[in-house]
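Subject: Structure handover

Hello,

Here is the structure I promised to pass on. Please open it first, then read the notes below.

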Amino acid sequence: MTYRLPPAVGEALTNAWLVGPATVGMLVLIFGPVLAVAVLSFTDYQLGAQGFAWIGLENYTVLFTDPIGQRAVVNTLIYVAIVMPASMILALLVALGVHRVASWNATLAGVLRTAYFMPVAGTLVAMATVWQMLMHPNVGLFNQVLGLTGVPGQEWLSDRGIVLYSLAVIGIWETVGYNMVLFLAGLTAIPEHLYDAAEIDGVRPGWDRFWTVTWPLLGPTTLFVLVVTAARAFRVFETVATLTQGGPGFASDTLVYAMYREGFVYFKAGYASAVTMVFFVFVLTLTLVQFGVLERRVHYR
Amino acid sequence: MSSGRIELKDVYRRYGATTALNGISLRIAEGSFTTLLGPSGCGKSTTLRIIAGLEPQSAGQVLIDGRDVAGLRAAERNVAMVFQSYALYPHMTVRQNINLPLAMRNMNVWQRLPLMDRLLASARDLAAAHRTKVREIASLLDIETLLDRKPSQLSGGQKQRAAVARALVRDPVAFLLDEPLSNLDVKLRLQMRGELVDLHQRTGRTFVYVTHDQAEAMSMSDQIAVMMDGSIVQSGTPRAIYERPATREIAAFVGDHPLNLVEVPARSRELPEPFTSFAFDTRLTNDTVVIGLRPEVLVPADDGLLAGRVARIEYLGSEAVATVVLAGDRTIRAVLPTHSVLRQPGDEIRFNFDSDHAHLFDGSTGARLKARLVPRSPLRATATGPVS
């Protein structure tokens with residue numbers, strides 16, 4: 001006679017078996033490293049060194065008082081402040097356009113969608129090379145076109161006052177496609193009969209209709225896009241690494257690039273960990289605020 | 001004050017190569033309850049959307065109170081519509097949903113901005129008038145307590161009422177209802193059917209109702225337009241459609257019980273089994289004739305002219321449906337009363353029927369024939385013998 005477990009115990013074991021592996025994976029691969037980084041950020045540990053000393057908050061003090069550290073923090077915030085709204089508004093406009101095109105020519109809409117999504121699918125490092133060509137001071141397309149109109153060309157990637165905005169433009173270009181696809185999915189999910197009802201109720205096409213039906217019903221999509229875009233913008237790295245290396249004179253230095261430089265070029269693991277923690281707190285706070293504030297105002301069906 | 005007389009003149013609707021509406025002409029009298037009835041895909045919803053102005057017609061005219069409404073937006077036609085899915089705005093409360101048509105009609109962009117009802121005197125007065133109107137309509141439909149809820153917090157019936165309230169609030173000349181009851185359960189559907197009829201009587205407005213449910217159409221309408229394959233195949237009162245269906249398809253579509261159709265040769269006035277006791281009252285030129293007999297017109301009678309044997313009995317409480325094999329091996333269904341002795345399978349059974357209730361259709365075209373089926377013995381004409 002075989003022994004049977006009580007149903008409650010059996011169920012608990014099944015649950016543990018189903019949830020367990022993923023939970024262990026998360027603990028070992030995410031929460032563990034975060035904890036380790038948090039601990040390291042209070043030390044002067046250098047990669048490969050035999051020992052380390054506790055230095056308390058000194059890494060953080062340096063990051064926020066040292067001009068170079070400050071630069072990275074401020075640059076990142078400026079970059080996010082430009083890329084986040086610009087890429088969202090542009091993506092929404094493009095999505096509205098493509099959605100409308102889709103109603104009379106599905107093929108053209110498909111082509112447009114693919115074209116806008118291309119930057120997302122492509123390797124950004126390779127794309128960055130193309131941008132480098134476009135922004136080249138002498139032979140680049142930007143200055144060529146400006147030259148035709150008589151406007152003096154700019155040193156897009158080596159002028160300290162311009163370089164961050166040049167990177168932001170690439171960031172927007174890179175993000176619009178992804179956000180557009182998300183908005184497009186959101187637009188497609190809005191039931192057609194609501195537009196019919198709006199038409200009957202006297203809601204005029206254009207602004208009225210957008211404001212009464214489209215925008216409110218896009219709420220959940222917009223929230224998601226906001227969170228994803230913020231996280232992506234904060235993570236800006238590839239363009240900095242390939243095009244400017246944070247230069248000239250740290251004018252385009254950002255948090256993640258600083259983290260890479262301090263940790264993997266100068267091997268200052270302690271300081272890099274502090275940068276990582278700051279980055280982590282920024283993204284976490286932003287995400288929590290977005291969910292906290294917006295989720296109450298966003299309607300979920 | 002416009003009255004809500006609607007007229008369709010030879011309306012066509014084509015999508016590329018396919019024709020959805022094939023020359024629809026229909027007069028809808030002021031204050032009538034007209035139903036567009038038909039199977040799915042027959043074009044009834046398209047017709048309604050064209051009346052509403054949600055879709056343009058490819059050809060033909062739509063007249064509302066004698067005026068061609070081509071080019072007028074839905075709101076300018078001042079018709080209201082209730083959708084099958086209710087189409088309530090999910091992010092707005094019931095109050096805001098009902099208020100929207102008023103705000104859209106009476107307020108400009110600035111007055112509609114949030115808080116303007118506190119800042120702008122004109123917006124304040126309008127908003128107050130709208131609030132009163134919304135409360136009035138809500139009490140009419142008994143949803144006052146639900147005004148501050150979101151649609152997702154309402155049951156199907158409550159959503160339906162909110163949708164009707166939103167349609168009603170603008171005081172439109174006509175109500176267009178697109179299968180408004182088909183998402184409700186059976187009990188609620190019956191209740192809402194009654195409420196819609198009450199509403200129609202109370203408002204006295206024109207109702208144009210689209211449904212595929214013949215029972216809804218029969219029970220609610222003054223006028224039914226039966227649509228098939230993009231055309232109106234018959235229009236008239238429910239009674240006319242039930243009693244004088246113009247084609248075999250209409251006869252089969254209308255009625256609670258599936259119609260019995262028996263095809264017989266029509267070369268002579270005599271009929272084969274099981275109709276040997278009957279004859280056509282005139283000589284027919286058709287090859288074959290289809291006799292349509294509703295299960296509910298067959299009356300069991302000991303001296304009945306139609307004889308057969310019960311094969312199966314389905315007991316339904318208020319009535320029973322018998323499947324009967326007639327002489328000549330034809331199977332028909334008949335509705336039997338359950339207040340007397342119930343028949344058993346294997347029992348002999350005889351039926352009589354009023355010859356007005358036997359519909360004759362052409363075997364190939366399905367069109368109704370003027371000829372009638374009459375008993376061969378004149379003594380038994382239109383006999384409805386005692387119930388056994």
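I start with the contact between the two domains of chain B. Between domain 1 of chain B and domain 2 of chain B there are 3 residue pairs in polar contact, both partners at pLDDT 80 or more. That cut-off applies because this is a predicted model.

On the domain 1 side, two elements of chain B each give two or more residues to this contact: α9 (214–220) and α10 (238–243). The residues on that side divide into 2 nonpolar, 1 polar and 1 charged. No salt bridge turns up across this interface; the count is 0.

Now the bounds. The domain assignment of chain B puts domain 1 at 6–243 and domain 2 at 256–380. Domain 1 of chain B brings 4 residues to the contact, and domain 2 of chain B brings 5. Taken over C-alpha atoms, the centres of domain 1 and domain 2 of chain B are 42 Å apart. About 380 Å² is buried between domain 1 and domain 2 of chain B, with 32% of it on carbon and sulfur atoms. Three residues supply 93% of the area that domain 1 of chain B buries against domain 2: B:Gln214, B:Tyr242 and B:Glu243. No other three residues supply more.

**Chain B overall**

Chain B has 388 residues, and 49% of them are buried. Its secondary structure comes to 11 helices and 20 strands. The C-alpha trace of chain B spans about 85 × 45 × 35 Å along its principal axes. Take the contacts in chain B between residues at least 6 apart in sequence: 66% of them join residues at least 24 apart.

**Chain A against chain B**

How much area do chain A and chain B bury between them? The figure is about 1900 Å², and 63% of it lies on carbon and sulfur atoms. The contact involves 19 residues of chain A and 23 residues of chain B.

There are 3 salt bridges between chain A and chain B. One of them pairs A:Asp196 with B:Arg49, with the closest N and O atoms 2.7 Å apart. The polar contacts between chain A and chain B come to 8 residue pairs, both partners at pLDDT 80 or more.

Which elements of chain A give two or more residues to the side that touches chain B? They are α8 (192–200) and α9 (207–217) of chain A. The largest share comes from α8(A), with 7 residues. By type, the side of chain A that touches chain B divides into 9 nonpolar, 4 polar and 6 charged residues.

**Helix α8 of chain A**

This helix deserves its own paragraph. α8(A) is mostly covered, with 7 of its 9 residues buried. Those buried in α8(A) are A:Leu194, A:Tyr195, A:Asp196, A:Ala197, A:Ala198, A:Glu199 and A:Ile200. So A:Asp196 is a buried residue that also forms the salt bridge with B:Arg49.

The buried residues of α8(A) pack against α9 of chain A. They also pack against four elements of chain B: α1 (44–52), α2 (74–77), β6 (79–82) and α7 (156–168). Just after α8(A), A:Gly202 takes a positive phi of about 90°.

**Two residues of chain B**

B:His257 sits in the loop between α11 (248–253) and β11 (260–265) of chain B. Is B:His257 buried or exposed? With a relative accessible area of 14%, B:His257 falls under the 20% cut-off, so it counts as buried. The side chains of B:His257 and B:Glu319 make a polar contact of 3.0 Å. Beyond its neighbours within four places in sequence, B:His257 is in contact with B:Pro295, B:Glu296, B:Glu319, B:Val321 and B:Val335.

B:Asn106 lies in helix α3 (residues 94–106) of chain B. B:Asn106 is partly exposed, with a relative accessible area of 31%. Its side chain makes a polar contact with that of B:Arg105 at 3.2 Å. Another polar contact, of 2.9 Å, joins the side chains of B:Asn106 and B:His130. Leaving aside neighbours within four places in sequence, B:Asn106 is in contact with B:Gln111, B:Leu126 and B:His130. B:Leu126 is 20 residues away from B:Asn106 along the chain, yet their C-alpha atoms are separated by 7.6 Å.

Best wishes

How values were computed:
Residues numbered from 1 in each chain as written. Chains lettered and ligands numbered in written order. Predicted model: local features only at pLDDT ≥ 70, side-chain atom pairs only at ≥ 80, totals over all residues. Heavy atoms only, no water. Domains from an automatic or database assignment. Contact = heavy atoms within 4.5 Å. Buried area = accessible area lost by both parts, 1.4 Å probe. Salt bridge = Lys/Arg side-chain N within 4 Å of Asp/Glu carboxyl O. Polar contact = N/O pair within 3.5 Å; in protein donor to acceptor, adjacent residues only side chain to side chain. Nonpolar A, V, L, I, M, F, W, Y, C, P; charged D, E, K, R; others polar. Buried < 20%, exposed > 50% of the residue type's maximum accessible area, 1.4 Å probe, protein only.
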